[in-house]
Amino acid sequence: RSAKSFFTGVESEGGEKKEPVDELNISGLGEAINAAVAAATALEAEGLGKITKVETSYPGMTTNGAERGCPRILIHLARKK
C-alpha cells in the first residue's frame, strides 16, 4: 500500500498533496527479500509501474563482533504514465 501511494500520489488529512514520483527503489535485506519482491510485483501487476532493473548482493554485516554475509535485493521501478 505504501509503495502504491508513491506512484499514485496522496493527499494528507491537512490537505497537503504529495505528487507521484517517476522512479522508486525497493530493497530487502535477508528475510525481507520476499516482501520487497511482493511489493514490486504488485505494483507491476496493477499497471502502476514497470520493473526496470534488479540487483542482488551479499554485503557483509557485523553482528556481535562477527562479520558474515547477508543476501540483499534492490528493485528499480519506473512509473507508467
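Strand β3 (residues 23-29) has alternating side chains: Leu 24, Ile 26 and Gly 28 point to one face and are buried, while Glu 23, Asn 25, Ser 27 and Leu 29 point to the other and are not. Buried means under 20% relative accessible area and exposed over 50%, with partly exposed in between (1.4 Å probe, protein chains only). Strands (E, at least two residues) and helices (H or I, at least four) are DSSP runs, numbered from the N terminus.

This is a predicted model: local features need pLDDT of at least 70, side-chain atom pairs count only at pLDDT 80 or more, and totals for chains, interfaces and linings use all residues. Residues are numbered from 1 along each chain as its sequence is written, and side-chain values use heavy atoms, without hydrogens and water.

β3 runs antiparallel to β7 (residues 72-79), and 7 bridges join them. Two strands pair if DSSP finds at least two bridges between them. Two of the bridge partners are tabulated.

| Residue in β3 | Bridge partner in β7 |
|---|---|
| Glu 23 | Ala 78 |
| Gly 28 | Ile 73 |

The open sheet has 3 strands in the order β3-β7-β4, paired antiparallel. β3 and β4 (49-57) are the edge strands; each pairs on one side only.

Helix α2 (residues 33-45) has 13 residues. Its buried residues are Ile 33, Ala 36, Ala 40 and Leu 43. Seen down the axis of α2, they fall within an arc of 100 degrees (taken from the directions from the helix axis to the C-beta atoms), so they line one face. They pack against α1 (2-8), β3, β4 and β7, where contact means heavy atoms within 4.5 Å. On the other side of α2, Asn 34, Ala 35 and Ala 45 are exposed. Gly 47 follows α2, with a positive phi near 80 degrees.

Conventions:
Expected span 1.5 Å × (residues − 1).
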